[in-house]
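Let's take a walk through this structure together. Keep the sequence and the 3D view open as you read.

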Amino acid sequence: TVGVRVTVGADGRVAACSVTSSSGSSILDDAACRSMQRYARFEPALNDAGNPVSGNWSTRITYQIR
């Protein structure tokens, strides 16, 4: 399980990603951020005027071997 924190830009795309809790594997940690930056899309946060602004979001990604 990898904990990540992403900065979501006003366009809804991930502008930055950092690992907040390592899985113990640098390969999985790196893959988590690469995947977030490549595939994740968000509805951007809105300011008081209703305009899109950047914001932050944290989550955990669990890898399972099946």
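**Starting at valine 2**

Set aside the residues up to four places away in sequence, and valine 2 touches Val19, Ser21, Ser23, Leu28, Asp29, Ala32, Thr59, Arg60, Ile61 and Tyr63; a contact here is heavy atoms within 4.5 Å. Before going further, know that this is a predicted model, where local features need pLDDT of at least 70 and side-chain atom pairs count only at pLDDT 80 or more, while totals for chains, interfaces and linings use all residues. Residues are numbered from 1 along each chain as its sequence is written, and side-chain values use heavy atoms, with hydrogens and water left out.

Now the overall layout. The chain has one helix and five strands, taken as DSSP runs numbered from the N terminus (helices are H or I with at least four residues, strands are E with at least two). Follow the sequence and you get the pattern β-β-α-β-β-β. The C-alpha atoms fill a box of roughly 45 × 20 × 15 Å along the principal axes. Of the contacts with a separation of 6 or more, 52% are between residues 24 or more positions apart.

What about the inside? Buried residues make up 21% of the 66 residues in the chain; buried means under 20% relative accessible area, exposed over 50%, and partly exposed in between, with a 1.4 Å probe and protein chains only. On the outside, the chain exposes about 4,600 Å², with carbon and sulfur atoms supplying 48% of it (areas come from the Shrake-Rupley method with a 1.4 Å probe, and for residues only the protein chains shown count as cover).

Valine 2 also belongs to the largest nonpolar core, whose nine residues are Val2, Val4, Val6, Val8, Val14, Ala32, Cys33, Met36 and Ala40. Such a core is a set of buried Ala, Val, Leu, Ile, Met, Phe, Trp, Tyr and Cys residues joined through side-chain atoms within 4.5 Å. Strand 1 (2-8) and helix 1 (26-39) are the elements that give two or more residues to this core, and the largest share, four residues, comes from strand 1.

One core member does a second job in the wiring. Cysteine 33 is buried, at a relative accessible area of 10%, and a disulfide joins cysteine 17 to cysteine 33, S to S 2.1 Å (a disulfide is a pair of cysteine sulfur atoms within 2.5 Å). Cysteine 17 sits in strand 2 (residues 14-21) and cysteine 33 in helix 1, so the pair ties together parts that are 16 residues apart in sequence. The link is left-handed, with -75° about the S-S bond, and the structure holds one disulfide.

Which charged residue of helix 1 is worth a look? Try aspartate 29, which has its place in helix 1. Aspartate 29 counts as buried at 9% relative accessibility, yet has no salt bridge: arginine 60, the nearest side chain of opposite charge, is 10 Å away. A salt bridge needs a side-chain nitrogen of Lys or Arg within 4 Å of a carboxyl oxygen of Asp or Glu; for charge, Lys and Arg count as positive and Asp and Glu as negative, with His and the chain ends not counted. Leaving aside neighbours within four places in sequence, aspartate 29 is in contact with Val2, Val19, Ser22, Ser23 and Gly24.

Arginine 38 is also found in helix 1, but this residue is exposed, with a relative accessible area of 58%.
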